[in-house]
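Me: I'd like to learn how to read helices in a structure. Can you walk me through a case?

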Amino acid sequence: LLVRIWAQSSRDGLYYDSGDLTGPARHVVAAVVLANRAAQLDDVAASRFFQVLEQSAAQNEVALRREMEPEDAVKRSADLKRFIKYYDRAVEVRIVPRGEAEENFSLDAVGAAASAAGFAAASGRWELRLAVDDIDPVMTLAFGPDQTKSLTLALSLPLANLARGDLKRFFAIANSLSAALNGIWTDCAARPIDAGGAMQIAEKIASQAKLMSAGGVTPASERAKLLFSH
């Protein structure tokens, strides 16, 4: 779970990331993410976090003010984890060779096409981040369940910014990858996706984004990036 510390400079009164502070501070703020895709705060982790802060405050002879008690933080983390599990969804399309079923995609060809589309190589897949502060990728590309006979292109819904045009870019990338690899893109049941199908996908994504925002987390927001990170 991500822990961040900011310190208010005694010189200019501005807050800096603690690693960037070059002089004494008169106020320090420490924060821990209560839950994300990979973990959630439990009793032990909450106790350790607050214990370190209490020790630091005692050593510096300053007061410690909690925004939340440990037991309340743990309860809140459980609520957030349920929220994350519910909204952690992705839209996936399958790219398959245009020719015979036994045709395969080569690793070199896929890597070149992915790089041209803006993806970066990662462990076992390719990842696309659309902003410099993206913690996790908005889109991923990987070989499908039948190995080199197909590719799976996925768009993370809680990290997708529809106003920025992420869904349009997702469809455009599916088209460009298919053209570069002499393939076609379908849904995961091997059915070709036409314009009507793309509109249905767009409507479902917009509906989920609206529901998620009503729950207190706007897709692609800073809060969403923290909650839906690994």
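Me: Which residue follows α1, and what is the sign of its phi?

Reply: Keep in mind that this is a predicted model. The residue after α1 is E61, and its phi is positive, near 55°. You can look at the end of α5 in a similar way: just after that helix, G216 takes a positive phi of about 105°.

Me: What sits at the start of α1?

Reply: Look at D42 there: one of its side-chain oxygens comes to within 3.3 Å of the backbone nitrogen of V44.

Me: How many residues does α1 have, and what is its reach?

Reply: Helix α1 runs over residues 43-60, which makes 18 residues, and spans 26 Å from first C-alpha to last, close to the 26 Å expected.

Me: Which residues of α1 are buried, and why are they on the same side?

Reply: General idea first: an α-helix has 3.6 residues a turn, so residues three or four places apart point the same way. Now the case here: A46, F49, F50 and A57 are the buried residues of α1. They cover an arc of only 85° around the axis, which puts them on the same side of α1. They pack against β1, β3 and α2. On the face turned away, you'll find the exposed V44, R48, A58 and Q59.

Me: What about α5: which residues are buried there?

Reply: Try G197, A198, I201, I205, Q208, A209 and M212. Their arc is only 110° around the axis, so they lie on the same side of α5. Their packing partners are α2, β4, α4 and α6. The face turned away carries exposed residues, including M199, E203 and K210.

Notes: Residues are numbered from 1 along each chain as its sequence is written. This is a predicted model: local features need pLDDT of at least 70, side-chain atom pairs count only at pLDDT 80 or more; totals for chains, interfaces and linings use all residues. Side-chain values use heavy atoms; hydrogens and water are left out. Helices (H or I, at least four residues) and strands (E, at least two) are DSSP runs, numbered from the N terminus. The expected span of a helix is 1.5 Å times one less than its number of residues. Buried means under 20% relative accessible area, exposed over 50%, partly exposed in between (1.4 Å probe, protein chains only). The arc is that of the directions from the helix axis to the C-beta atoms. Contact means heavy atoms within 4.5 Å. A polar contact is a pair of N or O atoms within 3.5 Å; within protein, one must be able to donate a hydrogen and the other to accept it, and residues adjacent in sequence count only if both atoms are side-chain atoms.
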